Amino acid sequence: METYDVVIIGSGYGGSVPAARLAEAGMKVLVLERGPRLTTSQLVQSDHPKEITKVIDVVVTRSNLAYRTGTMVGGASIPMDGAHFRMPQKSFEARDEAGRPYWPSGFSRAAMDPFYDTAETMLKVRQMAWDEIPKAGGLFARMLDAAGASCERARLNYTDCRQCGFCTTGCVFDKKMTLLHTYIPLAEAHGAEFRPNVAVDHLEPQGTGYRVVHSAGEVFGQRVIVGCGGVHTPALLLRSGRYLPNLSAHVGEHFNNNGEHTFVGVTPPEERYACFKGMDNAGLMSFNWFDSDGITLHPGGGLEPTVLAARLSGDTAPWPKRAWGMEYKRFVETVYPSRLIAFSVLGLAPGNQAITIDQQGKVDTAPRDGRAWNAYLDRVDAIIADVADKSGVALIPTVPRELTGTTSAHLLSACRMAESARDGVVDPNGQVFGHENLYVCDASSLPFALGVNPALTITAVAERAAAGIIARG
């Protein structure tokens, strides 16, 4: 059996970051990735499902909930929209209903800033200049200004963006500084091996390490780091549960979508632009309501006609009575592509689902108490309705309330870190409670919603975890 100092499962932020740092420290590192490895020349600017599914895996559960994850070497860094924000101190201070802090002691903005510094340098994160903001961003800023709200230029890992509108299928111009441009080359320069098209089934303890059983055989790791992402990491641990005694009952629980809630609106007739152009993140971010309501708001670009698959019915006047037929066709002709604007809320919100597995070990979900989530949505809907009313933007009903938040790419907290096994799955260093040398190092370990895109925080937490492993020898 092949033997490594470290076997890492997943090549997204939670896998590639520790791969680079541990390889730098002289460890023999193997990274297993279930998806392929593609070069920039193999990416295609297309909305054809065949091309989209090269870089995005849409995980659909038995209850028809769908979650988006990365599916190639580089993980979610390939299709993500480039937003990299440091988590505000308010997010570190979030508490549950019993008053318990979600984040373990020792985590704060000040404590994490050195790791954020490193992550931003590696990923080439910077604040956008005003002349880089696409028209969607300008209309978003005007909308907020009309509502008496503020926004600021976003921090992205883009360089000289071409504004083509195909960020989600991977940048064919190498303008997005993904893991394939940053941490992965560093890891490979120090001897780490990235092995694509290998799906891991489960883990088994062996001595002081672990057997990693996968689609092509098995390998042994003295240490194993699970970085499969927000839904696949808890699923892997659940499949491994029969081999891992006393695994925390929190595995799969507390699943959180970072309070993501998306809106689509129709701008006033005089506000026209090509909504399919421009970077997917339109380069702005509003923290206007963060201190008061714990939410942020950002615009989107690159809109395609599929966003008009709205939940229209007879009571959605002035819109068509249904999302098909001649009336609907004429409606679409009047608003696409010149008058649509999309924007998303992120916020400090609890989840309402748990990650489970079915009898075949595939990812599934189970509902949890949704009262707090619905109360959050009520607050968000009221805020956005007020913005729309003051700015003249007409909101289109899209995702029904019962499915809101279930098509997210922000997949957090289903293996959350905590002070003890009573409250979580991993300790503040990312090590699984009761299982030495087994770590979780991805979005699933973040204990609660952040209110901003999690990519930079995942990277910073992974930097911190890798530094801890190296320090412990």
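This passage describes the overall fold, the aromatic pairs and selected residues of a predicted model.

The chain contains eleven helices and 19 strands. Its radius of gyration is 22 Å, close to the 23 Å that the globule rule gives for 473 residues, so the chain is as compact as a globular protein of that length. Along the principal axes, the C-alpha atoms fill a box of roughly 70 × 50 × 45 Å. Of the 473 residues, 60% count as buried. Contacts between residues at least 6 apart in sequence were also examined. Of these, 74% join residues at least 24 apart.

The accessible surface of the chain comes to about 18500 Å². Carbon and sulfur atoms account for 52% of that surface. The chain carries 45 positive and 50 negative charges. The mean positions of the two sets are 3 Å apart.

Nine aromatic pairs are present in the structure. One of them is formed by Tyr67 and Phe255. Their ring centres are 5.2 Å apart, and the angle between the planes is 80°. The arrangement is edge-to-face because the planes are over 60 degrees apart. This pair links distant parts of the chain, with the two positions 188 residues apart in sequence numbering. Tyr67 belongs to strand E4 (residues 66–70). Phe255 is placed in the loop between helix H7 (232–239) and strand E12 (261–266). Both Tyr67 and Phe255 are buried.

Tyr102 and Phe448 form another pair, with ring centres 3.9 Å apart. Their planes meet at 5°, so the pair is stacked; the cut-off for stacking is under 30 degrees. This pair, too, links distant parts of the chain, its members being 346 residues apart. Tyr102 sits in the loop between helix H3 (89–92) and helix H4 (109–123). Phe448 sits in the loop between strand E19 (438–440) and helix H11 (455–472). Tyr102 is buried, as is Phe448. Elsewhere, Phe85, Phe287 and Phe290 make up one aromatic cluster.

Glu132 is located in the loop between strand E5 (126–127) and helix H5 (135–146). Its relative accessible area is 18%, so Glu132 is buried; the limit for burial is under 20%. Beyond its neighbours within four places in sequence, Glu132 is in contact with Arg126, Asp160, Gln163 and Met279.

Asp160, one of these contacts of Glu132, has an unusual-sign backbone angle to report: phi is near 55°, a positive value in a residue other than glycine. Asp160 lies in the loop between strand E7 (155–156) and helix H6 (183–189). Its relative accessibility is 49%, so Asp160 counts as partly exposed; exposed residues are those over 50%.

Asn437 also has a positive phi, about 70°, although it is not a glycine. Asn437 is placed in the loop between strand E18 (394–396) and E19. At 13% relative accessibility, Asn437 counts as buried.

A cis peptide bond joins Tyr336 and Pro337, with omega at about 10°. Pro337 is found in the loop between helix H9 (326–335) and strand E15 (340–347). Another proline, Pro320, lies in the loop between strand E14 (295–300) and H9. Pro320 is buried, with a relative accessible area of 3%. From Pro320 to Asp386 the C-alpha to C-alpha distance is 23 Å, and the two are 66 residues apart in sequence.

Ala66 is part of strand E4, the strand that also holds Tyr67 of the edge-to-face pair. With a relative accessibility of 18%, Ala66 counts as buried. Ala66 and Ala147 are 81 residues apart in sequence. In space, their C-alpha atoms are 33 Å apart.

Note on methods: Residues numbered from 1 in each chain as written. Predicted model: local features only at pLDDT ≥ 70, side-chain atom pairs only at ≥ 80, totals over all residues. Heavy atoms only, no water. Helix = DSSP H or I, 4+ residues; strand = E, 2+ residues; numbered from the N terminus. Buried < 20%, exposed > 50% of the residue type's maximum accessible area, 1.4 Å probe, protein only. Contact = heavy atoms within 4.5 Å. Rg over C-alpha atoms; globule rule 2.2 N^0.38 Å. Areas by Shrake-Rupley, 256 points an atom, 1.4 Å probe, with all protein chains shown as cover. Lys, Arg positive; Asp, Glu negative; His and termini not counted. Charge placed at Lys NZ, Arg CZ, Asp CG, Glu CD. Phe/Tyr/Trp six-rings, centres within 6.5 Å; stacked < 30°, edge-to-face > 60°.
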